[in-house]
Amino acid sequence: MRTIEADYLVVGAGAMGMAFVDTLVSETDARVVLVDRNHQPGGHWTMAYPFVRLHQPSAFYGVNSLRLGGDSIDQIGWNQGLYELATAGEVCAYYDHVLRRQLLASGRVSYFPMSEYRGDGRFTTLAGIDYAVNATRRVVDATYMHVTVPAMRPPPYPLAPGVTCVPPNDLPKCGAHERYVIVGAGKTGIDTCLWLLGQGIAPDRLTWIMPRDSWLLDRAKMQPGSLFADQIKAGFIAQLRAISDATSVEDLFARLEESGGLLRIDPAVRPTMYRCATVTRQELEQLRRIGDLVRLGHLRRVDADRMILDGGAVARDGRTLYVDCTADGAEKRPSTPIFDDGRITLQSVRGCQQIFSAALIAHVEAAYQDDRAKNELCVPLPHPDTDLDWLRLALADYTNQLRWLDDPDLTAWMSAARLDLFGHLIGHLLPPASAKPRVRERILGIAKSVFSATAAKLDELLGEQTQLAAP
């Protein structure tokens, strides 16, 4: 058993682990041991399907200290006119660069890939060498969010002999099939449908198993920089107005959809799922070309001549290829205190912004002393799953933002954090740091009042919905 002395042991070199270590190394002189079971940093990106791209602009992804991409505008494709979306290859190369050129180059980070963490500060390398890390400050769990992609596990439903079912990773090398059945309606299912359509596959050759319809976000309203400033500001004000004027949860969703804040594939079907997936208007038009949508719940098994779902059976014929897109990419894990006696458990503290959250947690760890104060600043938010989770996340985001605005030092740090998408959006409503102190305080006071009223209204709507759902 070999022993290593360090301030922090970070378990997991995925996107959250990398964002945490980057901020910690940038803001402190801490020594860090980074342990990961993969052969390179990037977590699930190392097993991503080849045609995946970010669902948000590259400008909001990666680590705080280094820009991802070149802040360019896509000139072709269904993301045309919006900021670039990094590919899986670009993301993996970026994290490798961050690791080697920044973290390892600091001389304060030791990296152990292909290693299995055993608990209690112990891990074993691929070569069979056992290590014990004496972490004088914290052990950081960067695996708690349990991100899973289809390539990481077999389909969760039985397949009859002769049925071909592949993860999206294998789709480009499967050759032509008469029919494609896409199983799952989350981000991966959307990406797979768009890829097939983009290859010229006629929409009538696609069957999309959609257990639940989802509310989607318009990517055009989540852009960085001044180019989209007026559009972003108008969209954010429209969201505030929709919440303020809503008379019920149903009315709120109607107002959000009318203002363009939320989208859906089929205007005739009320979505019951929300998982932060984004699309452009062009992508939405493409998805609406698919006519064979199976809304009979989850797929339970595939027989030789039919599919068995929760709500019934559907016949199948021809050379059908099943594409499994059902992995729970961001599982709805129970919340646990982030700072707890020698341990940090990385979780989201901003809705659907796991990467920014990890960087913020690292900054709070570096800049604040008391765990109680740290946990008050970093309240974990479970990943959304249902439509009502849109309200819960929005309520938590406004509540957290009010808490953060009361801390001038934290507000200053966040204003320079490139990963903070939500902060960028509300930044169009807040005064710049260069504003006169009196003007800045007045506008901040107005913003706090608006955010407080918005949080109170969301809490009221959720309370009314709970009462309606009560037996």
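User: Which domains is the protein chain divided into?
Analyst: Happy to start there! In this predicted model, each domain is built from two stretches of the chain, written with a plus sign. The protein chain is divided into domain 1 (2-146 + 333-378), domain 2 (150-213 + 265-324) and domain 3 (229-263 + 388-466).

User: How many Å separate the centres of domain 1 and domain 2?
Analyst: The centres are taken over C-alpha atoms. For domain 1 and domain 2, the separation is 32 Å.

User: Which three residues supply 57% of the area that domain 1 buries against domain 2?
Analyst: Let's look at the interface as a whole to begin with. Domain 1 and domain 2 bury about 1,500 Å² between them, 65% of it on carbon and sulfur atoms. On the domain 1 side, one trio supplies more of the buried area than any other three residues. Those residues are F51, H55 and W78.

User: How many residue pairs are in polar contact between domain 1 and domain 2?
Analyst: Good one to check against the residue classes. The side of domain 1 that touches domain 2 has nine nonpolar, four polar and no charged residues. Between the two domains the salt bridge count is zero, while the residue pairs in polar contact (both at pLDDT 80 or more) number six.

User: Why does the salt bridge of R153 and D324 tie together parts far apart in sequence?
Analyst: The two side chains meet at 2.8 Å, N to O. R153 lies in the loop between β6 (130-141) and β7 (164-166), and D324 in strand β16 (residues 320-324), so the parts they tie together are apart in sequence by 171 residues.

User: Is the aromatic pair of F112 and F123 stacked or tilted?
Analyst: A pair of aromatic rings is described by the distance of the centres and the angle of the planes. F112 is in strand β3 (residues 109-112) and F123 in strand β5 (residues 122-124). Their rings are 4.9 Å apart centre to centre, and with 55° between the planes the pair is tilted.

Technical notes:
Residues numbered from 1 in each chain as written. Predicted model: local features only at pLDDT ≥ 70, side-chain atom pairs only at ≥ 80, totals over all residues. Heavy atoms only, no water. Domains from an automatic or database assignment. Buried area = accessible area lost by both parts, 1.4 Å probe. Salt bridge = Lys/Arg side-chain N within 4 Å of Asp/Glu carboxyl O. Polar contact = N/O pair within 3.5 Å; in protein donor to acceptor, adjacent residues only side chain to side chain. Nonpolar A, V, L, I, M, F, W, Y, C, P; charged D, E, K, R; others polar. Phe/Tyr/Trp six-rings, centres within 6.5 Å; stacked < 30°, edge-to-face > 60°. Helix = DSSP H or I, 4+ residues; strand = E, 2+ residues; numbered from the N terminus.
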